[in-house]
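Q: Could you take a close look at one part of this model, namely the strand pairing in its interior, and then place that part in its wider surroundings? Please give each term its cut-offs as you go.

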Amino acid sequence: MNHALTGQVAKSRRLVASEQELRQAIARELPGADLGNLVIMGGHFMLFEDPSSGRLTPGVMEEQQDETMRSRIAGRVGVFPGYTWRMSAELLQEYAAAGADVRLLLLINDWQYVPTADRPASELRAEFLADFGALPVSYEKVLREAGLSQESVLPSRKHPLAFPETWLKYRFQKAADRFVKAGRLEKRYLDSGPRDTEVSFLDADGNYRTLISCGITGCAGEITEMVSEVHRAGYTNLLIFAPGECLMPVETGVDIALSLYDLPGMRVVVADPGGSGEMSPEEIYGNLVTVSTFRR
């Protein structure tokens, strides 16, 4: 296991080769008996267009009746959404039994595969969120089996059941302007044109980490804002199940959140069990899973 200390942010990382090892690593980093509170981000899914209705639908295989849609989602994210949601519910049970105040957090990718040909993406997103008054049926089933309900889900200031990524991106863009003015983020103009700018974070190792490029906020920016929102809600421990392909920007977002914001006592654990089309735990852990911990 590697350890590093960057400024006031302590970091560690390890690799695990089974779900049992993953749970053991989480238990070491987030000991239930003395935890106090915890938010678990699991079940993360993308939104896809349902060709039969033209509306957006959760990218969760278990929610789709159409075989083409199931195949499309399986090839893109595999079992990740349902698998991490079930594991999150099971962990919630265990931590609650140990006396911790535990909530689930559902992060929704509402921008990546949202079409823009026929209707504005903003209209499609607003329509989906307005109709999203209940969790996906398969997610509700997992909660019922665990003796839980939607009350276990942490609301965001945007939606009672979800943290939409686009909302987090917009919030971070506004926050970034303040940090640039305060000299805590750097803004520079690109050679491509006078309106093209880049906002970056200079870490303790002297590396620039781009957060906004030409007005586009990447995953790191939205995760930075999500960590801040969790702390704002009164929670100082956060477990994130992130897709493997998103691990580096998620880690960057966590690191920057703990460096930029005043988040005393914040501890974040990030794990990446699949998310790139893996269809079984054996396939997920055959590629090894990273567990990273950040402490303020």
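A: The bridge partner of Ile40 in S13 is Leu239, where strands are DSSP runs of type E with at least two residues, helices are DSSP runs of type H or I with at least four, and both are numbered from the N terminus. This is a predicted model, in which local features need pLDDT of at least 70 and side-chain atom pairs count only at pLDDT 80 or more, while totals for chains, interfaces and linings use all residues. Residues are numbered from 1 along each chain as its sequence is written, and side-chain values use heavy atoms, with hydrogens and water left out.

Strand S3 (residues 37-41) runs parallel to S13 and is joined to it by three bridges; two strands are said to pair if DSSP finds at least two bridges between them. Val39 has Leu238 as its bridge partner in S13, and it also has Arg103 as its bridge partner in S6. That second pairing, between S3 and strand S6 (residues 101-105), is likewise parallel and extends over five bridges. On S13, five bridges lead to strand S14 (residues 267-271), again in the parallel sense, and here Ile240 stands opposite Val270 of S14. S13, helix H8 (residues 247-260) and S14 together make a right-handed β-α-β unit, right-handed meaning that, with the strands pointing away from the viewer, the path from the first strand over the helix to the second runs clockwise.

How many residues of S3 are buried? Five of its five residues are, and the strand is mostly covered, with buried standing for under 20% relative accessible area, exposed for over 50% and partly exposed for the range in between (1.4 Å probe, protein chains only). Asn37, Val39 and Met41 lie on one side of S3 and Leu38 and Ile40 on the other, all of them buried, and both faces are thus covered. Strand S13 (residues 237-241) is largely enclosed by the rest of the structure because five of its five residues are buried. From S13, Asn237, Leu239 and Phe241 point one way and Leu238 and Ile240 the other way, and all are buried. For the protein overall, buried residues make up 54% of the 296 residues.

Beyond these strands, an open sheet with mixed pairing is formed by four strands in the order S5-S4-S7-S8. Its edge strands are strand S5 (56-58) and strand S8 (163-164), each of which pairs on one side only. Within this sheet, strand S4 (residues 45-49) and strand S7 (residues 107-109) run parallel and are joined by two bridges, and the bridge partner of Phe45 in S7 is Ile108. Helix H2 (residues 67-77) packs on the sheet and touches S4 and S5, with its direction making about 145 degrees with that of S4; contact here means heavy atoms within 4.5 Å, and axes are lines fitted to C-alpha atoms, for helices over the stretch in contact, with angles from 0 to 180 degrees between N-to-C directions.

A helix pair can be described in similar terms. Helix H6 (residues 165-181) and helix H7 (residues 219-232) pack at an angle of about 90 degrees, their axes being 8 Å apart. That makes H6 roughly perpendicular to H7, a term that covers 65 to 115 degrees, whereas angles under 35 count as roughly parallel, over 145 as roughly antiparallel and the rest as oblique. On the H6 side, the residues that meet H7 include Trp167, Leu168, Arg171 and Phe172, and those of H7 include Cys219, Thr224, Met226 and Glu229.

Some positions outside the strands are partly exposed. Leu288 lies in the loop between helix H9 (281-286) and strand S15 (289-295); its phi is near 70 degrees, a positive value in a residue other than glycine, and its relative accessibility is 40%, which counts as partly exposed. Glu94 in helix H3 (residues 80-97) is partly exposed at a relative accessible area of 46%, and its C-alpha is 8.0 Å from that of Gly32, although the two are 62 residues apart in sequence. Ala126 in helix H4 (residues 121-131) is also partly exposed, with 44%, and its C-alpha is separated by 9.8 Å from that of Asp110, 16 residues away along the chain.

For the protein as a whole, the secondary structure comes to nine helices and 15 strands, and among contacts between residues at least 6 apart in sequence, 70% join residues at least 24 apart.
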